Amino acid sequence: MDTADLLLALAEIAIAIAGLAGIVLSFAAQRGGSEAEPGMRSWRIEVLVTTSAAGFSFSIAPFFLAAFERSDPEDWVALSVVSSLAAGAYATCGLRTQRARFGALIPYGHHVSDGSFILITFGSAALVLCNAVGLIEIPHLAAYLCSIAPWFFTSLLVFFRAVLDLTRGGREEGED
């Protein structure tokens with residue numbers, strides 16, 4: 001599989017995750033499925049739209065470079081750094097907003113998955129930045145894939161949390 005095919009497949013995956021999660025969240029709203037916390041469903045939709053759009057955008061960004069006949073290694077490094085910095089900024093702001101919005105209502109399971117989210121986001125950013133300054137040497141496509149991984153991870157995390165809430169709502173309805 002060449003680079004263009006891989007990036008197009010990732011762009012399609014970003015859109016598919018958003019679509020599937022939208023369907024799950026819609027079913028949960030129609031069934032009156034329980035939310036982990038009040039307002040969590042709308043928060044997840046915000047996060048899902050943002051991370052899926054960013055995953056899609058960064059997946060197709062190299063095609064814009066190609067349109068301008070730019071494919072130097074420095075261009076890939078710069079694009080990787082931009083994606084990593086954007087993911088780090090989004091993670092920092094998102095976690096602060098989540099704490100301010102939900103505070104002590106955040107269940108323990110969310111703290112565990114938030115820890116993995118922090119590890120993936122800032123770990124990949126550290127890898128990309130170390131590559132950019134020359135501390136390590138990895139292929140440019142690998143660094144770029146590391147830089148966009150947090151967008152996909154976050155989208156999948158939101159999707160699976162939505163599915164968990166939907167199934168939890170179904171079990172609670174069956175118990176009544």
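**Long-range contacts, the nonpolar core and Ser59**

Of the contacts (heavy atoms within 4.5 Å) in the protein chain between residues at least 6 apart in sequence, 82% join residues at least 24 apart. The model is predicted, so that local features need pLDDT of at least 70 and side-chain atom pairs count only at pLDDT 80 or more, whereas totals for chains, interfaces and linings use all residues. Residues are numbered from 1 along each chain as its sequence is written, and side-chain values use heavy atoms, with hydrogens and water left out.

The secondary structure comprises five helices and zero strands, helices being DSSP runs of H or I with at least four residues and strands E runs of at least two, numbered from the N terminus. Buried residues (under 20% relative accessible area, with a 1.4 Å probe and protein chains only) account for 39% of the 176 residues in the chain.

The largest nonpolar core, a set of buried Ala, Val, Leu, Ile, Met, Phe, Trp, Tyr and Cys residues joined through side-chain atoms within 4.5 Å, has 26 residues, and those with the most contacts inside it include Leu48, Tyr144, Ile148 and Phe152. Two or more residues each are given to this core by helices H1 (3-31), H2, H3 (73-102) and H5 (140-175), and the largest share, eight residues, comes from H5.

Ser59, which lies in helix H2 (residues 40-67), is buried, with a relative accessible area of 0%. Its side chain reaches the backbone oxygen of Gly55 at 2.7 Å, and, leaving aside neighbours within four places in sequence, Ser59 is in contact with Leu7, Leu10, Ala11, Tyr144, Ile148 and Phe152.

Definitions and conventions:
Buried < 20%, exposed > 50% of the residue type's maximum accessible area, 1.4 Å probe, protein only. Polar contact = N/O pair within 3.5 Å; in protein donor to acceptor, adjacent residues only side chain to side chain.
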